[in-house]
Amino acid sequence: MPPHSADPPRLVTIPLSHYCEKARWALDVAGIAYVEEPHLPLLHRRHSGGGSVPVLVTPERTYPDSNAILRYADERAQLKALWTDGEW
């Protein structure tokens, strides 16, 4: 069943990952509501499409890593840009 457009994005994470923390920080600072889906390392592969984490799943598309999630959050930031000069 396709996700409903009002559903918040799902953030697939594992504990103790600085990449996952970076994605959470970006979404929080940008004011974007999301639902975190924490998984144990290696078991996350069933929910991340077999790849690495973090993964952000939105109704429009999937963002496969922390840099892509930062760009997503930066484009939607409610208060200010997360990055200056567009450098990643």
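Here is a short chat between a colleague and a modeller about the predicted model shown above.

Colleague: Before we dig in, what should I know about how residues are numbered and which parts of the model count?

Modeller: Residues are numbered from 1 along each chain as its sequence is written, and side-chain values use heavy atoms, with hydrogens and water left out. This is a predicted model, where totals for chains, interfaces and linings use all residues, side-chain atom pairs count only at pLDDT 80 or more, and local features need pLDDT of at least 70.

Colleague: Which pattern of helices and strands does the protein follow along the sequence?

Modeller: Helices (H or I, at least four residues) and strands (E, at least two) are DSSP runs, numbered from the N terminus. The protein has 2 helices and 4 strands. Read in sequence order, they give β-α-β-β-β-α.

Colleague: In what order do the strands sit in the sheet?

Modeller: Two strands count as paired if DSSP finds at least two bridges between them. The edge strands, each pairing on one side only, are β2 (35-38) and β4 (62-63). The sheet is open with mixed pairing, and its order is β2-β1-β3-β4.

Colleague: Which residue is the bridge partner of R10 in β2?

Modeller: Strand β1 covers residues 10-13 and runs parallel to β2, with 4 bridges joining the two. For R10, the partner in β2 is V35.

Colleague: What angle does the direction of α1 make with that of β1?

Modeller: Contact here means heavy atoms within 4.5 Å. α1 packs on the sheet and touches β1, β2 and β3 (55-57). Its direction makes an angle with that of β1 of about 160°.

Colleague: How are α1 and α2 oriented to each other?

Modeller: Axes are lines fitted to C-alpha atoms, for helices over the stretch in contact, and angles run from 0 to 180 degrees between N-to-C directions. These two pack at about 5°, with their axes 9 Å apart. Angles under 35 degrees count as roughly parallel, over 145 as roughly antiparallel, 65 to 115 as roughly perpendicular and the rest as oblique. So α1 and α2 are roughly parallel.

Colleague: Which residues of α2 make that contact with α1?

Modeller: On the α1 side, you'll find Y19, K22, A23, A26, L27 and A30. Facing them from α2 are S66, N67, I69, L70, Y72, A73 and R76.

Colleague: Which helix gives the most to the largest nonpolar core?

Modeller: A nonpolar core is a set of buried Ala, Val, Leu, Ile, Met, Phe, Trp, Tyr and Cys residues joined through side-chain atoms within 4.5 Å. The largest one has 14 residues, and L11, L27, L56 and I69 have the most contacts inside it. α1 (18-30) and α2 (66-76) each supply at least two of its residues. The top giver, with 5 residues, is α2.

Colleague: How much of the protein is buried?

Modeller: Buried means under 20% relative accessible area, exposed over 50%, and partly exposed in between (1.4 Å probe, protein chains only). Of the 88 residues, the buried share is 35%.

Colleague: And S52, what is its exposure class?

Modeller: S52 lies in the loop between β2 and β3. Its C-alpha atom is 7.6 Å from that of P64, 12 residues apart along the chain. With a relative accessibility of 47%, S52 counts as partly exposed.

Colleague: How far apart are the C-alpha atoms of G31 and A73?

Modeller: G31 sits in the loop between α1 and β2, and is partly exposed at 39% relative accessible area. G31 and A73 are 42 residues apart along the chain, and their C-alpha atoms are separated by 8.5 Å.
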